[in-house]
Amino acid sequence: MVTAVDGYEFGLLGPLSARHGGRALDLGSPLQRAVLVRLLLGDGRQCGLDHLIDALWEVPPGNAVRSVQTYVYRIRLSLGDERSRLETTQGGYQLAIPEQAVDALRFERLVRDGEELRAARRTAPALRAFDAALALWSGEPLSGVPGPYARRHRGRFVDLRLNAQVAQLSCADELGEHARVATELISLIADHPLREDLYALRMRALYHAGRTAEALAVYAAARETMVAELGMDPGPELRELQTRILSGAEPEPVQSSPRGQLAGAPPPFGATASISPTTSAGAPGDLATWSDGQGRGEGQPLASSAAPDADRLATTRVEEVPVRVRPQQLPPAPGDFVGRERLRERLRLALRPSGEAVALAVLSGIGGVGKTALALRVAHGIRGDYPDGQLYVDLRGDGGQPADPADVLVDFLLALGMPAAEIPATPTARAGAYRTLTADRRILVLLDNASDAAQVTPLLPGTPGNAALITTRHRSLVPPGATRFEVPVPDQREAVAMLGRFTGDAEIAAAPELALELVHACGQLPLALRIIGARTAARPGRGLGAQLERLRAEERRLDELRAGDLSVEATFQVGYRALAPAQARAMRRCALLDAADFPVAVAAVLLDQPEPETEEQLEHLVEAGLLEPHSADRYRFHDLVRAFAARRADREDPVADREAALVRLTMFLQATLFQAMNATEEAGSLSTHLFSVPLTGLRFADAEEARCWLLAEHTLLVSVFSRVLRDIPDAARIVVAALSVIASSGLFAGPAHQRELERVTDHAVAAADLGDDPAMRAQTRHIRAWLAFIRGDLTAAETDLREAIRRARAVDERVTLFMSARLLSVVLADRGRSAEAVGFFAESEAVAGAEDDPNSPAYFLQEVARLFTALSSDRAEVNIAAAQHVYEVSDRLRRETARR
């Protein structure tokens, strides 16, 4: 992760990114990005114009100089008030950005630091430098940046990263992390099968871990690869290493004897360690002394200052030290784990042993997102950091019966070697004994599925050198000193990779588009993807298409996401059962919404209660991992969580209660639309002709605030109105009044919003036809005709307008008759049928009334026009010219009618 310096953050080791003061900078076109990369990697030095041209093109175009100058100008504009950082120099340009603000430059600096520390035989600090360097990566370097310069540096950075990984693992191996090193080298060797240094490092790690046969098998695999690919045996270093292992010439594996002790590691069981306060811990020359508590060994060196490297592994003879019990309680990590690379690297850094405090990290997220799988993968990967053991417990914190920490302490004390008869009776005494046994050790504790701080606190080790990793659905569970990591739903690319690992890559390669749809139907939730993988394995002939078809029916989606003891619904049910009744009701009510997100005010209307009380309940749902905060006062469900909550609403809440909540919300939204009209100060009598409701709605200070609300809540309005028209036809009249306001306001954020509004209007027309209100049938067709007119579909507009006029005449609905006849006259004039147009215009004039009469259709039309102008804007991308066109054509038809 790049560090902000002077407010700047530039990310090159992944998708190109740039921020200043937390604000994303506009990086412009791909070639502009290539210019920026060339300037950034110049590290503040002058970059000539010819160098920039060469960076962009193998064969420059004729306008290369002008193009580069334009790109530089745009980069300078993106810097805002600090555009002076990009200076024009003699023959080129110079960008003054600190090295620490550019992740690629910082990466190279950290790698150089690591190499220098390693050369000085300071292995532990070197490892920290390599860890920090590799943590900066987030994907393919310079992703999407074109040009020969970016291509060369992309390959260069990839090579540097591999070399840094080798150096990192070499340091880790020297510090005793043999098992982790051997494991991580498997994937590196698979990706780089001809790198002999990788085979050599894995052989050494396996040999030092006491796995001689596996070390020799690595040599055999290397030889087979080299012969097959290159037609030659491995080089002399690898052959010599095999010979030394066969002859036993290598030193004995580390920790092979209970009498051995690692330099820099905690002293044996029952001993205490102290470091001279006059020296710096971990530097060459440190003296560490130990005492077994009985006076033996006082002042004896654990790591001699004469040793060439106090950070490297060394064994020291310690007499009569009791053998420690080293618990190995971690369950197996999932063998098909994939992705989460950046999060794993950040976790590893957070859990690195510290001499100052217990390393604490918390993984939080919704059920099924993969917290436990990630925790186990990371915990197994850092076992070498904690050679004195690993403890694990499922605390069952997401259910109704969380584990009692006092009972867990009994299991931990037994695992650490305390006889059952000596375990204290009280929870406080047990916690003290636990902290005593973990003191001066290096132990990793994995607390899975934790419920709250009271459950976790007694189970945390008390002394530096130890670590605890906690998983929980509860976002507020963050013990003092802990770093919390939210485990998000994977992005689309990573989710497809997960699905491929679960189902087999061949399935994905055969139908990539189906795989994308399937991932979307699963909400990209890892548990759901794993279930699909299990079902595919159970029925290999069914294929992804059949799985997708079953998931398309929303009412059965949760039933399909079940395989054996895996179930998405059961996972959510555990958290749901732990909710208080009011919180569970809030969850069910909010699931009535199909919108992507919703504000507190809307939830309060659904629950029919004050906003502060509603917000408190929503925050409880966030805390329980069943709802996600979306912004300051907005929330959202994961798709599958919403499906679960909607199912609970169907099964637990009476239909009448659910319908009443939706009708109440519809009236609230209509009342708010009326308030938006009133905010224009131009629409005082529109509500006279529209169906009114007994609610106040939100109030707006001015037209701009009303406009912002209409744009922000468009999706919510469409989803609620569609649901009401489909399920509650008796409330259709309220929706039609609301649609009249939206259509009259002209506020559609582009064609996509207009298409959604047209789709809802289609539903309104269908609902009106099924009802017994002739006036509403005329109104819905007029609304649809107006939307078609804006879109330019005059044929559709004419059809609906003629039907609206026919129905309005039948019930003497003067406003609809006037509006539809007037608009039809414009449509006919545009289609070249002037005589017919004049006839309909005359009919509209006959019912218009006086323009200064607030109750007349003519006055209504004037206010509609003013509303359209007041609430529409360039940002809304509305064709305001449509309204102007109606006015101009109407004026011309008025003159023609007068002449006749």
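Start by selecting Y8 and H20: in strand 2, H20 is the bridge partner of Y8. Strands here are DSSP runs of E with at least two residues, while helices are H or I runs of at least four, and both are numbered from the N terminus. This is a predicted model, where local features need pLDDT of at least 70, side-chain atom pairs count only at pLDDT 80 or more, and totals for chains, interfaces and linings use all residues. Residues are numbered from 1 along each chain as its sequence is written, and side-chain values use heavy atoms, with hydrogens and water left out.

Now light up residues 8-11, which are strand 1, together with strand 2: the two pair in the antiparallel sense over four bridges. (Two strands pair if DSSP finds at least two bridges between them.) They make a hairpin with five residues between the strands, and in that turn G14 has a positive phi of about 155°.

Stay on strand 2, residues 17-20, and show its side chains. Which ones are buried? A18 and H20 are, pointing to one face, while S17 and R19 point to the other and are not. Buried means under 20% relative accessible area, exposed means over 50%, and partly exposed is in between (1.4 Å probe, protein chains only).

Next, add residues 23-24, strand 3, which pairs with strand 2 in the antiparallel sense over two bridges. Click A24 in strand 3 and you've got the bridge partner of R19. This hairpin has two residues between its strands, and G21 takes a positive phi near 60°.

Hop over to helix 5, residues 123-134, and pick A129. At a relative accessible area of 9%, A129 is buried. Leaving out residues up to four places away in sequence, A129 touches L110 and G114 (contact means heavy atoms within 4.5 Å). Try D113 too: its C-alpha atom is 6.7 Å from that of A129, although the two are 16 residues apart along the chain.

Time for the core. In soluble globular proteins, nonpolar side chains tend to be buried together. A nonpolar core is a set of buried Ala, Val, Leu, Ile, Met, Phe, Trp, Tyr and Cys residues joined through side-chain atoms within 4.5 Å. The largest one has 151 residues, and L525, F598 and L665 are among those with the most contacts inside it. Another core lies apart from it, with 80 residues, including L12, A64, A104 and L134.

Last stop: the cysteines C47 and C590. C47 is buried at 2% relative accessible area, and C590 is buried at 1%. How many disulfides does the structure hold? Zero, where a disulfide is a pair of cysteine sulfur atoms within 2.5 Å.
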